[in-house]
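Visitor: I'm new to this structure, and I'd like a close look at one part of it. Could you walk me through the place where the ligands sit?

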Amino acid sequence: MDKKIPRHVSIIMDGNGRWAQERGKERVYGHANGVESVRACVEAAAEEGVEYLSLFAFSEENWNRPESEVSTLMGLMVKSIANEAEALMKQGVRVMFLGNRSRLSDPVNSAIDGLMEASKDNKTLTLIIFISYSGKWDILEAAKKLAREIAADPSKLDSLDDMDIASFDKYFVTAGIPDPDFMIRTSGEMRISNYMLWQLAYTEILSVPTLWPDFRKPEFRAALAEYAKRDRRYGKVK
Ligand code: IPE
Ligand code: IPE
Ligand code: MG
């Protein structure tokens with residue numbers, strides 16, 4: 001039997017702080033080591049033939065962490081983009097950053113724009129980094145976009161009743177990206193933490209106890225093996 005490979009794998013990368021604490025270090029030490037796991041999972045995803053890998057890097061709620069942690073995380077993002085860009089380009093990875101860009105600083109926005117632009121024609125794997133993102137924000141923005149469109153052209157109101165799920169999909173930041181087939185959360189938590197609420201409607205979910213800095217290629221492959229055992233029924237009878 002063919003191995004069932006999910007087309008889109010998404011990960012809530014959690015547990016960096018606890019990983020550092022276990023070693024008697026500051027939380028930021030965990031974030032820095034988490035970057036290694038990102039590299040490992042990108043490589044593993046490309047090797048396994050996954051088309052889209054999305055990673056929850058920073059939520060809208062994470063802005064409420066101490067200022068020092070927020071600025072370290074933002075600095076780490078800029079540094080990692082600079083450090084990883086060449087390898088990502090070599091591997092043919094297209095990188096996208098999705099979220100509330102208006103809350104990000106100029107240096108973060110320009111690093112993001114640079115990598116998105118440079119990698120936009122790459123074809124091996126699409127890596128999506130969710131930054132300053134929340135699912136409720138995404139839904140609200142989608143509704144606002146639609147409302148603005150109708151306000152600008154009231155004749156569009158006539159076709160509103162015919163609007164279906166697929167056409168509403170286009171108003172989300174994930175427009176054009178297939179919904180995740182498989183979502184992994186590390187560190188054992190059993191919650192979505194305001195991640196892609198709309199897009200995860202029929203996603204297979206796996207929570208693993210491994211803390212994010214320890215989640216490397218073998219753990220990624222083991223998770224894919226779990227996915228291969230799942231029976232996706234979509235509400236039907238088999
Ligand atoms: C995940 O690790 C990284 C981010 C949310 C930015 P945490 O920082 O949440 O680590 P824990 O959950 O406190 O261990
Ligand atoms: C979710 O992790 C967000 C990211 C991984 C970016 P959190 O650690 O922020 O979530 P909670 O606080 O456990 O819900
Ligand atoms: Mg956490």
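Visitor: To start, how do the residues of the shell around ligand 1 divide into nonpolar, polar and charged?

Guide: Before we dive in, keep in mind that this is a predicted model. The shell around ligand 1 splits into 3 nonpolar, 5 polar and 4 charged residues. Let's put names to them: the residues surrounding ligand 1 are M13, D14, G15, N16, G17, R18, R27, H31, A57, N62, R65 and L73.

Some of these reach the ligand through polar contacts. The side chain of R65 has an N or O atom 2.7 Å from an oxygen atom of ligand 1. R27 also uses its side chain, placing a polar atom 2.8 Å from a ligand 1 oxygen. With G15 the backbone does the job: one of its N or O atoms is 3.3 Å from an oxygen atom of ligand 1. As for cover, ligand 1 on its own has 370 Å² of accessible area, and the protein covers 87% of it.

Where is all this? Ligand 1 sits in the largest pocket. Two elements, α1 (16–22) and α2 (27–48), each give two or more residues to its shell. The largest share comes from α1, with 3 residues.

Now for ligand 2. The space that ligand 2 takes up is the largest pocket as well. Around ligand 2 you'll find I12, M13, D14, F56, A57, F58, S59, N62, R65, R185, R191 and S193. If you go back to the ligand 1 list, M13, D14, A57, N62 and R65 turn up in both shells. The ligand 2 shell breaks down into 5 nonpolar, 3 polar and 4 charged residues. Here strand β2 (residues 52–59) gives the most, with 4 residues.

Ligand 2 has its own polar contacts. A polar atom in the side chain of S193 is 2.6 Å from one of the oxygen atoms of ligand 2. For R185, a side-chain N or O atom lies 3.2 Å from a ligand 2 oxygen. R65 shows up again here, with a polar side-chain atom 3.3 Å from an oxygen atom of ligand 2. By itself ligand 2 exposes 390 Å², and the protein buries 78% of that.

So you can place the pocket, here's the rest of the chain around it. The protein chain has 7 helices and 6 strands. Reading from the N terminus, the elements go β-α-α-β-α-β-α-β-α-α-β-β-α. Its C-alpha trace spans about 60 × 50 × 35 Å along the principal axes. A compact globule of 238 residues would have a radius of gyration near 18 Å, and the 19 Å of the protein chain agrees with that.

If you want one residue to find in the viewer, try R65: its side chain has a polar contact with an oxygen of ligand 1 and another with an oxygen of ligand 2.

Key:
Residues numbered from 1 in each chain as written. Chains lettered and ligands numbered in written order. Predicted model: local features only at pLDDT ≥ 70, side-chain atom pairs only at ≥ 80, totals over all residues. Heavy atoms only, no water. Near = heavy atom within 4 Å. Polar contact = N/O pair within 3.5 Å; in protein donor to acceptor, adjacent residues only side chain to side chain. Areas by Shrake-Rupley, 256 points an atom, 1.4 Å probe, with all protein chains shown as cover. 1 Å grid on protein atoms, 1.4 Å probe; cavity = no way out; pocket = protein on both sides within 12 Å on 5 of 7 lines; lining within 4 Å. Sits in = over half its atoms within 2 Å of the grid points. Nonpolar A, V, L, I, M, F, W, Y, C, P; charged D, E, K, R; others polar. Rg over C-alpha atoms; globule rule 2.2 N^0.38 Å.
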